[in-house]
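Visitor: I am a first-year student, and I would like a close look at one part of this protein rather than a tour of everything. Could you take me slowly through the two helices I keep returning to, and then through the places around them?

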Amino acid sequence: MTLPHGPAWKNRFMLAPLTNTQSHPDGTLSDEEYHWLTMRAEGGFGLVMTAAAHVQAVGQGFPGQIGAFDDKHIAGLTRLAAGLKAKGAVSSLQLHHAGDRSPADLVGVPVGPSDEADKGVRGLTLAEVEQLRDDFIAAAVRAKKAGFDGVEVHGAHGYIIAQFLSAEINKREDAYGGSLENRARLLFEIVDGIRAATGPDFQLGLRLSPERFGLDLSEMLTVTKRVFAEQVIDFFDLSAWDVNKEPADEAFAGQTLVSLFTALDRGNIRLGAAGKIMDAATAVSVLEAGCDFVVIGRGAILRHDFPERVRRDAAYTSPPLPVPEAWLNAQGLSTRFVDYMRSWPNYLAKDGDDTSAYDDLQVKLEPDTVS
């Protein structure tokens with residue numbers, strides 16, 4: 001799959017940016033995170049996206065988060081970019097700031113668009129908003145210096161860019177608050193700044209949520225139309241939670257979230273969707289619905305080689321839940337990653353659960369000569 005900038009992807013599978021808590025407390029890359037990601041490149045993903053990498057220390061969202069806010073991170077990022085390339089994948093670093101969702105025990109006083117006394121959140125000054133914009137851009141420059149093929153701007157899941165977009169959360173009265181144009185200003189300044197600073201050969205993606213987190217669906221469609229019209233990014237990553245989900249907004253009843261975005265004129269921008277794609281049939285259905293690629297999260301946790309499984313078997317489906325911990329270890333997840341997943345309902349097997357379905361499953365596929 002070709003894109004306006006940067007290298008082509010060898011297929012239409014993107015590894016979702018998955019929180020895994022495996023890196024070091026200072027944001028430097030760990031061997032565990034390197035292993036987890038390069039194993040997915042080896043498993044056939046056309047694009048391997050990292051977990052969210054925070055662009056400011058105060059923007060950390062979870063323990064063990066990989067960082068991109070300091071030059072000390074470049075050495076590890078360089079190793080990772082080289083490892084992904086060696087395994088045949090296009091590489092992308094997701095750029096992130098948790099904003100008011102940053103845990104106080106990690107960052108002290110969290111920051112956001114506006115003061116939120118009930119959450120202990122301090123609103124950013126105008127100078128700090130401009131610095132935030134510049135730090136997103138600087139992190140993208142670090143990614144390019146490290147050898148990444150591109151970056152994705154994380155504007156989804158209620159993190160800081162989504163907070164600026166939300167009229168419920170963003171109560172600013174300056175150029176970054178009030179009207180939708182003002183609330184979207186930070187997003188477009190970041191995207192335009194990254195493109196200007198990284199040049200024409202660097203791939204740029206954007207992830208947005210269509211609803212929830214104080215977002216209005218009609219506003220998000222308006223923002224997306226502008227993103228598509230300006231043709232600055234290369235791919236748009238729609239985090240739909242479930243690719244078959246209907247909108248919560250009754251004004252859009254009878255449609256799916258994905259269909260609302262595939263109906264927009266996107267020009268040369270590639271559109272992908274994430275949300276419960278656990279088998280080959282669902283992946284195919286997303287492409288047939290008008291998307292250009294699919295974004296695989298939990299299916300890639302269960303099988304590092306999800307794309308290759310689908311390529312070889314049109315009836316492929318992910319192994320059943322709950323999953324034994326030993327299976328996840330064999331799929332490249334460290335103990336820290338598995339511990340993070342213990343809060344996921346009905347995902348990890350407990351004592352007494354029937355996991356016999358895993359007894360005869362292959363951890364890895366045998367080599368295949370089909371090109």
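Guide: What follows is a walk through a predicted model, beginning with two helices and the loop residue after one of them, and then moving on to a second helix region, some backbone details and the empty spaces.

Let us begin with helix H2, which runs over residues 74–86 and so has 13 residues. From its first C-alpha to its last, H2 reaches 18 Å, close to the 18 Å expected at 1.5 Å a residue. Within H2, the buried residues are Ile-74, Gly-76, Leu-77, Leu-80, Ala-81, Gly-83 and Leu-84. The buried residues of H2 pack against helix H1 (31–42), strand E2 (47–54), strand E3 and helix H4 (126–146). Just after H2 the backbone has a feature to look for on screen, since Gly-88 takes a positive phi of about 95 degrees there.

Helix H4, one of the packing partners of H2, can be read in the same manner. H4 has 21 residues and reaches 30 Å between its first and last C-alpha atoms, close to the 30 Å expected at 1.5 Å a residue. Its buried residues are Val-129, Leu-132, Asp-135, Phe-136, Ile-137, Ala-139, Ala-140, Arg-142, Ala-143 and Ala-146, a list that includes Asp-135 and Arg-142 alongside residues such as Leu-132 and Ala-139. The buried residues of H4 pack against H2, E3, strand E6, helix H5 (160–165) and helix H7. Just after H4, Gly-147 takes a positive phi of about 100 degrees.

From there, move on to Phe-148, which lies in the loop between H4 and strand E6 (150–155). Is Phe-148 buried or exposed? Its relative accessible area is 4%, and because buried means under 20%, Phe-148 counts as buried. Leaving aside its neighbours within four places in sequence, Phe-148 is in contact with Thr-50, Leu-77, Leu-80, Ala-81, Leu-84, Ser-91, Ser-92, Leu-93, Ala-143 and Phe-202. Among these contacts, Leu-77, Leu-80, Ala-81 and Leu-84 also appear in the list of buried residues in H2, while Ala-143 is one of the buried residues of H4. For a sense of distance, the C-alpha atoms of Phe-148 and Leu-187, which are 39 residues apart along the chain, are separated by 21 Å.

Now turn to helix H8 (217–230), where Thr-224 is found. Thr-224 is buried, with a relative accessible area of 0%. A polar atom of the Thr-224 side chain lies 2.7 Å from the backbone oxygen of Met-220. Not counting residues up to four places away in sequence, Thr-224 touches Leu-208, Phe-236, Phe-261 and Leu-264.

The loop between strand E7 (203–208) and H8 holds Arg-212, and Phe-213 has its place in the loop between E7 and H8 as well. Most residues other than glycine have a negative phi, and most peptide bonds are trans. Against that background, phi of Arg-212 is near 70 degrees, a positive value, and phi of Phe-213 is near 55 degrees, also a positive value. Arg-212 counts as partly exposed at 46% relative accessibility, and Phe-213 counts as partly exposed at 25%. Elsewhere in the chain, a cis peptide bond joins Leu-321 and Pro-322, with omega about 0 degrees. Pro-322 is found in the loop between helix H12 (306–312) and helix H13 (325–330).

Finally, consider the empty spaces. The largest cavity has a volume of about 40 Å³, and Phe-188, Val-191, Val-227, Glu-230, Gln-231, Val-232 and Ile-233 line it. The elements that give two or more residues to this lining are helix H7 (185–198) and H8. By class, the lining of the largest cavity has 5 nonpolar, 1 polar and 1 charged residues.

The largest pocket holds about 900 Å³ of space. Of the 33 residues that line the largest pocket, the closest to its centre are Leu-18, His-157, Arg-207, Trp-241 and Arg-298. Strand E3 (90–96), strand E10 (293–296) and helix H11 (298–302) each supply at least two residues of the lining, and E3 is also an element against which buried residues of H2 pack. The residues of the pocket lining divide into 18 nonpolar, 11 polar and 4 charged.

Notes. Residues are numbered from 1 along each chain as its sequence is written. This is a predicted model: local features need pLDDT of at least 70, side-chain atom pairs count only at pLDDT 80 or more; totals for chains, interfaces and linings use all residues. Side-chain values use heavy atoms; hydrogens and water are left out. On a 1 Å grid over the protein atoms alone, a cavity is a set of points where a 1.4 Å probe fits but cannot get out, and a pocket is an open set with protein on both sides within 12 Å along at least five of seven lines; lining residues have an atom within 4 Å of a point. Grid points are joined across faces, edges and corners, and a volume is the space filled by probe spheres set on the points. Helices (H or I, at least four residues) and strands (E, at least two) are DSSP runs, numbered from the N terminus. Ala, Val, Leu, Ile, Met, Phe, Trp, Tyr, Cys and Pro count as nonpolar, Asp, Glu, Lys and Arg as charged, and the others, Gly among them, as polar. The expected span of a helix is 1.5 Å times one less than its number of residues. Buried means under 20% relative accessible area, exposed over 50%, partly exposed in between (1.4 Å probe, protein chains only). Contact means heavy atoms within 4.5 Å. A polar contact is a pair of N or O atoms within 3.5 Å; within protein, one must be able to donate a hydrogen and the other to accept it, and residues adjacent in sequence count only if both atoms are side-chain atoms.
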